[in-house]
2 protein chains.
Amino acid sequence: MTEISTLGEFGLIHHLTEKIKLFNKSTVKGVGDDAAVLNYKDKQVLVTTDLMLEGIHFDLMYVPLKHLGYKAAVINFSDIYAMNGQPKQITVSLGISSRFTVEHLEEIYSGILLACENYGVDVVGGDTTASLTGLTISITCIGEAEKEKIVYRNGAKENDLICVSGDLGSAYMGLQLLEREKLVFEGQTENVQPDFTGKEYILGRQLKPEARKDIIAKLAEKGIQPTSMMDISDGLSSELIHICKQSNVGCRVYEDKIPIHIQAVAMAEELNMNIVTAALNGGEDYELLFTCSIDDYEKVVAMEGVGIVGHITKPGLGMHLVGREGEEIRLRAQGWNSLDAP
Amino acid sequence: MTEISTLGEFGLIHHLTEKIKLFNKSTVKGVGDDAAVLNYKDKQVLVTTDLMLEGIHFDLMYVPLKHLGYKAAVINFSDIYAMNGQPKQITVSLGISSRFTVEHLEEIYSGILLACENYGVDVVGGDTTASLTGLTISITCIGEAEKEKIVYRNGAKENDLICVSGDLGSAYMGLQLLEREKLVFEGQTENVQPDFTGKEYILGRQLKPEARKDIIAKLAEKGIQPTSMMDISDGLSSELIHICKQSNVGCRVYEDKIPIHIQAVAMAEELNMNIVTAALNGGEDYELLFTCSIDDYEKVVAMEGVGIVGHITKPGLGMHLVGREGEEIRLRAQGWNSLDAP
């Protein structure tokens, strides 16, 4: 293990950034000056940022550092795709405590750089500093889009279809599984042997989420221009409420249409939890939620990996989940409750 | 005092961002979607980021929250000016511990928004989250510049003049003063009454630095295109070494040319410190260091608030400070030592 002090500030930054490869023409100058220089020509520039703190957003006891770096990058890409754009650059700021070695930082960086390679994104800057306490990761992502292609949250119209990619609730059930295994490890429950067989999917959804670049590509390919779009980071309920409020509309989503993976169902049963609640409020799935005109119905139905879960209504009709028996349940915004939690 | 939990995540974000005014045409869409949307047309885009952590970069015992917000924003603007650009947008991410109230956050935000108003910059996004430990502030700044006007660190040429704006070492001496008063307050020294009379300048330099927008404007006005430029955040020595290494040149700076404020001199005497060392290695002055052609000599001499401190040499001659007796002392990169410190 290499103590960070052996490299010093500038040595450390050089060490971590020397492996960076640049993929994009829009990156004129990356790491190494007061600011990065980008050239977006006639495209519009998209900017999003996320702050991840140890103990709040991740627990190093069960999250490998490489996965953490990968996820920290990918969740930012996801926000850019949710605008119907393409992520192009990120800046990476790390606050690290004295228990970290150079090898630990290399692990985090290797995850970030792997994500960048997979999605064609350049690391163009950042800041690395000591932290008196836990690990801090702050990533800002810059992306591009043609002006007329950008999809905001406020364009949903009455009768529009509500669509969701992939499945929901798996990341949350993966987290529950990890939390349980942590308790086992700490000896706080009976001695259940950790066994992840048959649970690989939900674990992967929590530890190594992917952003739906493929869905954005398919939408373009099929000529579907969504009327509104978001990525599902806080849970379907919460995101739908954002879209409805900003678009001044109501919505109906159908319980039996919500896409749920069989491993998430099994995990919920094992833990005696309600999987629909997890799918609605669990968060961290990083799937795309979008609305589109009913004229696009045939195209959407033909899209692999996308399901229609409901439709947009007049604002007066409110925002509801329609249960299997036809009962209407009002959607509530849970958000993540990190601010109240610990 | 208002508990943050009374507003909830979305309420808090709304509360903090509703007062944001937008100044720039390039801001198409600010806070409120997955990403901000910017339009830079034919300009190049500059991106810089800074991470500030409690206990490392600031001590809430003597730094008022409003000043902290102001400084966190301004030090990012400074990086954009150091590229000869104009800052236009920032994203603001805050990690806050449970001891913070809504009023505390309003204080931080009011400082950030004041800085934005003074410099004509828009807050376009961010992230607010709980922190298990101290306060975390991560700001990313986006700015613009014409391609041919951007000044990098690698363009210094032999015989170029080395110029510095304002004065150096004051921010560091202000920090020493605050540290001393903190010890007094904690009863760790004899009972010296805190007295800031005659020390207002160095205190202001530490607590409420400004970025040299005015110098950038004057350079343009006078038609001076620097060959290299940086802002002085880590100390003159360290920044000169960056410029020399990236430009593959050497330098000579003259001790008697280094601009030092009389209050900084007095404070150094009082504390038995070497003010030249403070000016060379102290950091946080956020002045501009630039090199320009000797052909610009007359123009630079006529610039108020800028001094010529030395000149660029062949790389073989190394990087040296020339003392008052003509002795040559090799410049060393101290950087900040936060990574080793605590």
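Start by selecting Val45(A) and Leu38(B): the first stands opposite the second, which sits in strand β2(B). Before moving on, note that this is a predicted model, in which local features need pLDDT of at least 70, side-chain atom pairs count only at pLDDT 80 or more, and totals for chains, interfaces and linings use all residues. Residues are numbered from 1 along each chain as its sequence is written, while chains are lettered from A and ligands numbered from 1 in the order in which they are written.

**The strands that cross over**

Now select residues 44–53 of chain A and 36–38 of chain B. These are β3(A) and β2(B), antiparallel strands joined by 3 bridges. Strands here are DSSP runs of E with at least two residues, helices are runs of H or I with at least four, and both are numbered from the N terminus; two strands pair if DSSP finds at least two bridges between them. Next, pick β2 of chain A, residues 36–38, which pairs with β3(B) in the antiparallel sense over 3 bridges. Ala36(A) has Val47(B) as its bridge partner there.

**Strand β3(B)**

Stay with β3(B) and add residues 136–145 of chain B: this is β6(B), antiparallel to β3(B) and joined to it by 10 bridges. One of the partnerships to click on is Gln44(B) with Ala145(B). Is β3(B) mostly covered or mostly open? It is mostly covered, with 10 of its 10 residues buried (20 or more other C-beta atoms within 10 Å of a residue's own, with C-beta atoms placed from the backbone). In a regular strand the side chains alternate between the two faces of the sheet. On one side of β3(B) you will find Gln44(B), Leu46(B), Thr48(B), Asp50(B) and Met52(B), and on the other Val45(B), Val47(B), Thr49(B), Leu51(B) and Leu53(B).

**The whole contact**

Zoom out to the two chains. The contact takes 62 residues from chain B and 63 from chain A, counting residues whose C-beta atoms, placed from the backbone, lie within 7 Å. Strand β3(B) gives the largest share of chain B's side, 9 residues.

**The axis**

A rotation of 180 degrees with 0.0 Å of shift along its axis superposes chain B on chain A, at RMSD 0.0 Å (least squares on C-alpha atoms of residues with pLDDT of at least 70 in both). The copies are therefore related as by a two-fold rotation axis. Select Lys41(B) to find the C-alpha of chain B nearest the axis, 3.0 Å from it.

Note on methods. Two residues are in contact if their C-beta atoms, placed from the backbone, lie within 7 Å. A residue is buried if 20 or more other C-beta atoms lie within 10 Å of its own, exposed if 12 or fewer, and partly exposed in between; C-beta atoms are placed from the backbone.
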